[in-house]
Amino acid sequence: MRIRFLFLLFFVISFLTSCKTEGNVTIPDASIQPDREFEAFTDNLFRNEVCSDSLTLNYTLSHPEKYNIPSDTGGSLPNGFSSFSYEDLEKNSLELENMLVALKKFDQRKLSREQLILYDILSDTLETQLDKQNYLTFTESLGPTTGIQAQLPVLLAEFRIEDETDLSQYFSLLRTTPDYFSSLLALEVRKKELGTLPCRSTLSHIINQCERYLEENGTSVLEKTFENKMKNCPFLDAVACEKAIRRNRRLVRKKVIPAYKELMAGLASLLPFAGTDGALCRYNRGDGYYACLVRSVTGSSRTPDELRSLLTSRLETAEQTLISYAAKDPALFGSCQDYTAKFTSPEQILSTLKTAAAVDFPSCENTNYSVKYVDEALEDYLSPAFYLTPPLDDSENNVIYINGADRYDPSSLFNTLAHEGYPGHLLQTCYMQNRDLPLLRYTLDYGGFTEGWASYAEIYSYKYTGGSEGEVAILQNNMIAALCLYGLADIGVHMDGWNTDDLYQFMKTYGTWEKDAVTQLYEAIIDEPASYLKYAVGYLEFTLLKDKFREIDGEDYTDKRFHAYILDMGNAPFHVLEKYMGN
């Protein structure tokens, strides 16, 4: 997990070299070797990013020393969390501008193909981040589901402790949690002064999430998981292990629990100042921020209006397909559910998917995984399932968490694990990590790529259920329609200012909806702006890329060739994925 994007170093270099031009894309000659100074520039950015805080370092690298990151004795490793104040965010602007200027000084003709791809991605990232600097008052790190306060318990529980340096880094996180939470709260106070405080329902959801976590003794998870790690600790003797267990218990109770309580109290004090309408277009300059956020979140260069047209068109196609099958054989709508419901064991599902996907997707070795269940104290505020990305240098150890909350339908486990496992996040991540890409590529992330690919993989995986062509088509188009509906709902709420009644009227035109369900959807959209668009827009962008790839590839086209191209390219904005197609 990357807490923030903050780089400090920049270089001023330019070179000349040979190249060849094909169409509108300048492609470096295959004989061109990587530019060592560009490599040094981007590798330094990589090291600076992964050392931004102890959590990011632990989840990115298992052995930092292999990447020229000295041990803690040199004082180069992070010391817990970094602050996240408004002033910190303001300082980013100059640093981002310096990086972009430095990047533009490199002569693209001297870069290898992989470096040129990185150049394009980094350029897009920096320009998008600079655009977001114009809307600093909207910056949010808290959220009922994706906020750091919701994810921190799992991230700390899964924190790798393989040596004394890891142990020191872990304790530094516990120790600095109060100051970190205070900086997050201070940012909310500043937003109150600037008129961009989240609405009352969102603040209430965050408070309730923290309250539920503490009431259900959720912090005991941190104590239990740490004790289990110490029982199998190879680098400490029994006395030192017991001492570490006592220290962990003390820090959890003296630092983490009070930090959550203070955050709750601080947010509660802001409730009287929060508005009742959280649609971004209702805020001053909120429409501009939403457009910027959508681009940042999705990796698509299309405007919200263009995305609305794209989503509407695809929704209509999916609806017509479903209507056509309903006219032919209505019984298919009942029987298609039997194929996903017959899979109940996560291990069975993942094994089935891995074997079946090998026909249509490139394989990836060393994709070991374990399946774990979310602690009950966290069930209400976490997704149905999620995949924890392993360290770059330890891609064999993958973890998929399943949320056993009653509100999640167990019959959807098949497609959920296709999304999180094969051929979704697990395959996508391990494939990219096994590629020898420039290091910085592994820290640049586009939600539309990661979630769009996983949604594409999930929809594709219905063909592996054993259903008939009609049953598979119904399952696929039903999900496509849902993605498009949620994406359109997000745009309608945040760009057009829909309230719950407006959303209810819109959703009713596409089926039967309970008013309470629509209210929950509305509040989820308010809580996490543009979140649904990662999935919907990402999926649609991949289908458009697939059409273009099929056109370029001609008679040689296969789905596997397209999938291999996407996975070879790795995480990138969609215009970059399209640029290198056929080259």
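The exercises below, each with a worked solution, concern a predicted model.

**Exercise 1. Helix α8**

Task: Find how many residues helix α8 has, which of them are buried, and what covers them.

Solution:
- Step 1. Helix α8 covers residues 220-231 and has twelve residues.
- Step 2. From its first C-alpha to its last, α8 reaches 17 Å, close to the 16 Å expected at 1.5 Å a residue.
- Step 3. The buried residues of α8 are Ser220, Val221, Leu222, Glu223, Phe226 and Met230.
- Step 4. The cover over these buried residues includes α5 (148-157), α6 (164-194), α7 (200-215) and α9 (238-270).

**Exercise 2. Cys233**

Task: Locate Cys233 and decide whether this residue is buried or exposed.

Solution:
- Step 1. Cys233 is found in the loop between α8 and α9.
- Step 2. The relative accessible area of Cys233 is 13%. Buried means under 20%, so Cys233 is buried.
- Step 3. Cys233 and Asp163 are 70 residues apart along the chain, and their C-alpha atoms are separated by 8.5 Å.

**Exercise 3. Cysteine pairs**

Task: Count the disulfides, then work out why Cys364 forms no bond with the closest cysteine sulfur.

Solution:
- Step 1. A disulfide is a covalent bond between the sulfur atoms of two cysteines. The cut-off used here is a pair of cysteine sulfur atoms within 2.5 Å.
- Step 2. By this rule there are zero disulfides.
- Step 3. Cys210 is in no disulfide, and the nearest cysteine sulfur, that of Cys199, is 16 Å away. Cys210 is buried, at a relative accessible area of 0%.
- Step 4. For Cys364, the closest cysteine sulfur is in Cys430, at 5.1 Å, which is too far for a bond. Cys364 also counts as buried, at 11% relative accessibility.

**Exercise 4. Helix α16 and an aromatic pair**

Task: Describe helix α16, then classify the ring pair of Phe361 and Tyr460 and say which parts the pair ties together.

Solution:
- Step 1. Helix α16 (residues 447-460) has 14 residues. Its reach from first C-alpha to last is 19 Å, close to the 20 Å expected at 1.5 Å a residue.
- Step 2. α16 is mostly covered, with 14 of its 14 residues buried.
- Step 3. The whole structure holds 34 aromatic pairs. In the pair of Phe361 and Tyr460, the ring centres are 5.2 Å apart and the planes stand at 80°. Planes over 60 degrees apart count as edge-to-face, so this pair is edge-to-face.
- Step 4. Phe361 lies in the loop between α13 (346-357) and β3 (369-373), whereas Tyr460 is in helix α16, so the pair ties together parts that are 99 residues apart in sequence.
- Step 5. Phe361 and Tyr460 are both buried.

**Exercise 5. Strand β5 and its partners**

Task: Decide how far strand β5 is enclosed, and find which way β3 and β4 run relative to β5.

Solution:
- Step 1. Five of the five residues of β5 (residues 398-402) are buried, so the strand is largely enclosed by the rest of the structure.
- Step 2. Both faces are covered: one side has Asn398, Ile400 and Ile402, and the other has Val399 and Tyr401, all buried.
- Step 3. β3 and β5 run parallel and are joined by five bridges. Tyr369 stands opposite Asn398 in β5.
- Step 4. Strand β4 (residues 385-388) and β5 run antiparallel, with four bridges joining them. Ala385 has Ile402 of β5 as its bridge partner.

**Exercise 6. Charges over rings**

Task: Name the rings over which Lys328 and Arg550 lie.

Solution:
- Step 1. The charged end of Lys328 sits over the ring of Tyr325, 5.3 Å from its centre.
- Step 2. Arg550 lies over the face of Tyr557, at 4.6 Å from the ring centre.

**Exercise 7. Backbone angles**

Task: Place the cis peptide bond between Tyr422 and Pro423, and the positive phi values of Asn68 and Arg285.

Solution:
- Step 1. Most residues other than glycine have a negative phi, and most peptide bonds are trans.
- Step 2. Tyr422 and Pro423 are joined by a cis peptide bond with omega about 0°. Pro423 lies in the loop between α14 (413-420) and α15 (425-433).
- Step 3. Asn68 has a positive phi, near 60°. This residue is in the loop between α2 (54-60) and α3 (86-104). Asn68 is exposed, with a relative accessible area of 59%.
- Step 4. Arg285 has a positive phi, near 70°. Its place is the loop between α9 and α10 (286-298). At a relative accessible area of 39%, Arg285 is partly exposed.

Conventions: Residues are numbered from 1 along each chain as its sequence is written. This is a predicted model: local features need pLDDT of at least 70, side-chain atom pairs count only at pLDDT 80 or more; totals for chains, interfaces and linings use all residues. Side-chain values use heavy atoms; hydrogens and water are left out. Helices (H or I, at least four residues) and strands (E, at least two) are DSSP runs, numbered from the N terminus. The expected span of a helix is 1.5 Å times one less than its number of residues. Buried means under 20% relative accessible area, exposed over 50%, partly exposed in between (1.4 Å probe, protein chains only). Contact means heavy atoms within 4.5 Å. Rings of Phe, Tyr and Trp (its six-membered ring) pair if their centres lie within 6.5 Å; planes under 30 degrees apart count as stacked, over 60 as edge-to-face and the rest as tilted. A charge sits over a ring if NZ of Lys or CZ of Arg is within 6 Å of the ring centre and within 35 degrees of the ring normal. Two strands pair if DSSP finds at least two bridges between them.
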